[in-house]
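User: I should like to understand the terms applied to this model. Please set each value against its criterion.

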Amino acid sequence: MKLSIIIPTYNHLHDCLIPCLNSLTEYCDLKDTEVIVVANGCIDKTEETVLDSGFELISIDRPVGFAKAFEAGVEKSQGKYVMSLH
């Protein structure tokens, strides 16, 4: 795995996350890339949407803030390089 893209999110499913995932799918070659979405206490059906999309999901049951959510993604990542989309 060459690149890990971490996307921490908190209740921005329709205005941010779906457009972001659609853009990644449409415009990026994800062959050597893992995309990890960290649902940071989301209550807007983020988890269901991410699981249906085929991307990886980390679900945190309560809001813990950007830094801890990003750290959770980094801990799970397997890429040589790590990138954050926020």
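User: Why is Thr33 called buried?

Analyst: In this predicted model, Thr33 has a relative accessible area of 17%. Buried means under 20%, so Thr33 is classed as buried. Thr33 is found in strand β2. Leaving aside neighbours within four places in sequence, Thr33 is in contact with Met1, Leu3 and Ile5.

User: What makes strand β1 largely enclosed by the rest of the structure?

Analyst: Strand β1 covers residues 3-9, and 6 of these 7 residues are buried, so the strand is largely enclosed.

User: How do you know that β1 pairs with β2 and with β4?

Analyst: Pairing requires at least two bridges between the strands. There are 7 bridges joining β1 to β2 (residues 33-40), and 4 bridges joining β1 to β4 (residues 81-84); therefore both count as pairs. β1 runs parallel to β2 and parallel to β4. Ser4 stands opposite Glu34 in β2, while Ile6 stands opposite Ser84 in β4.

User: What makes the chain as compact as a globular protein of its length?

Analyst: The chain has 3 helices and 4 strands, arranged along the sequence as β-α-β-α-β-α-β. Its radius of gyration is 12 Å, close to the 12 Å that the globule rule gives for 86 residues, so the chain is as compact as a globular protein of that length. The C-alpha atoms fill a box of roughly 30 × 25 × 20 Å along the principal axes.

User: How much of the chain counts as buried?

Analyst: Of the 86 residues, 38% count as buried.

Conventions: Residues numbered from 1 in each chain as written. Predicted model: local features only at pLDDT ≥ 70, side-chain atom pairs only at ≥ 80, totals over all residues. Heavy atoms only, no water. Buried < 20%, exposed > 50% of the residue type's maximum accessible area, 1.4 Å probe, protein only. Helix = DSSP H or I, 4+ residues; strand = E, 2+ residues; numbered from the N terminus. Contact = heavy atoms within 4.5 Å. Rg over C-alpha atoms; globule rule 2.2 N^0.38 Å.
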